[in-house]
Amino acid sequence: MSKARTSGRGRVIVDRNADPVTADDFARAAAGILPAEIWDFIAGGSGAETTLAANRTALDSVFLRPRVLRDVSACTTRSTLLGRPVDLPVATAPVAYQRLVHPDGEAATARAAAAAGVPFVASTLSSVPLEQVIEAGGRVWFQLYWLRDDDATLGLVRRAERTGCDAIVLTVDVPWMGRRLRDIRNRFALPAHIRAANITTTDAAHERNGHGSAVAAHTSQEFTPALTWSVVDRIRQATRLPLVLKGLLAPEDAVQAIEYGVDAIVVSNHGGRQLDGAVPSIDALPEIVDVVRGGCEILLDSGIRTGTDVLRALALGASGVLIGRPLIWGLAVGGERGAARVLELLATELRDAMGLAGCEDIAAARRLRTTRTPSVSAGRAAPPAVQASITAGWTVA
């Protein structure tokens, strides 16, 4: 895939933009090809995007203490999530409306996840029906928003069971959509051919008007703000599938989740897209690990970009991570192949980081010690894709 040309003196000059080799490279490429309002919809956060930026800063403030004189010749990234083997301690984060960036949408990213040996988390607001996602052949977890119609929501749980999903992931931090200023300013609405394929819905998400985000208006119509622990109990009673709660940041909520019999929690601030000013997920992780004490699995998302980020999360006690935006950047740039390449890079980076840290396996990675150095992270340069955008008042995290 590398592109090269020859100078007049016969010296080969490599085009460094030809083959992305990091998530930031994919971000730069995606930013160059997507319509501005779609890029904003994917890249943006809520409010002043304080939490969006803080996720990245907080991850960069975690420094690892590598071990030496360890045999890492057979270093392996294999692990388990929810009791089943995975090639990486990674699942894809649920991202809505993926056909916005590529015609194949969630079907392509699901195939990429299957090839990488990691679970694909299909969103309630997927633009491809769940049954087509299942056809990708890998492990699929179904992400559930609790709708205003209780019967319809429980119908989605039964549908997930019937189609062969491996888990239910209830998102608990969206009583309504956070105030995402980029979408409001763009008066963002879905194109007519993009729909929430798993639910019967209104046309509100397609109706561009002077009141801001049509997508936010649509979710306000569909989602209930009366989401309580009683819903968790109802789902727990309704399915034998593993139940994951996504969107926890407070230790008290983690303790309560265990009391309700959940199998895993995702420490998450929704990628900076809900409460602006919420704590970075990686900062919330250690205290939650401390109170959970092995009572359930703990995953983490929000800001994960590299294999080193995965290793940081493991060292702080997570069983694994969810990765969101980079997969969508890869999908935008190269469809299934681009999404697969993102996951390949993550696997390469994780194995490299583990080996250099003296970790022969995931268990060793979870025994690493860390230190925090906030002053160093504050000086991190933005990736090339976003440096020009900072002057416009936003960045990508």
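In this predicted model, P129 makes contact with R159, A197 and N198, leaving aside residues up to four places away in sequence. P129 sits in the loop that links strand 7 (120-122) to helix 5 (130-134). With a relative accessibility of 24%, P129 counts as partly exposed, because the buried class is reserved for residues under 20%. The surroundings of P129 also bring together distant parts of the sequence: P129 and R195 are separated by 66 residues along the chain, yet their C-alpha atoms are 9.9 Å apart in space.

A helix with many buried residues comes next. Helix 2 (residues 36-43) is largely enclosed by the rest of the structure, because 6 of its 8 residues are buried. The buried residues of helix 2 are I38, W39, D40, F41, I42 and A43. Several helices supply the packing partners: the buried residues of helix 2 pack against helix 1 (23-33), helix 3 (50-60), helix 7 (181-186), helix 8 (214-222) and helix 13 (325-356).

Attention now turns to the surface and its charges. A patch of negative charge is formed there by E252, D253, E287 and D290. Helix 10 (251-259) and helix 11 (281-292) are the elements that each contribute two or more residues to this negative patch. D290 belongs to helix 11. Is D290 exposed, partly exposed or buried? Its relative accessible area is 43%, so D290 is partly exposed, given that the exposed class begins over 50%. This value nevertheless satisfies the patch criterion, which asks for over 30% relative accessible area.

How values were computed:
Residues are numbered from 1 along each chain as its sequence is written. This is a predicted model: local features need pLDDT of at least 70, side-chain atom pairs count only at pLDDT 80 or more; totals for chains, interfaces and linings use all residues. Side-chain values use heavy atoms; hydrogens and water are left out. Patches are made of residues with over 30% relative accessible area and no salt bridge: like charges are joined within 9 Å, nonpolar side chains (Val, Leu, Ile, Met, Phe, Trp, Tyr) within 5 Å. Accessible areas come from the Shrake-Rupley method with a 1.4 Å probe; for residues, only the protein chains shown count as cover. A salt bridge is a side-chain nitrogen of Lys or Arg within 4 Å of a carboxyl oxygen of Asp or Glu. Lys and Arg count as positive and Asp and Glu as negative; His and the chain ends are not counted. The place of a charge is taken as NZ of Lys, CZ of Arg, CG of Asp or CD of Glu. Helices (H or I, at least four residues) and strands (E, at least two) are DSSP runs, numbered from the N terminus. Buried means under 20% relative accessible area, exposed over 50%, partly exposed in between (1.4 Å probe, protein chains only). Contact means heavy atoms within 4.5 Å.
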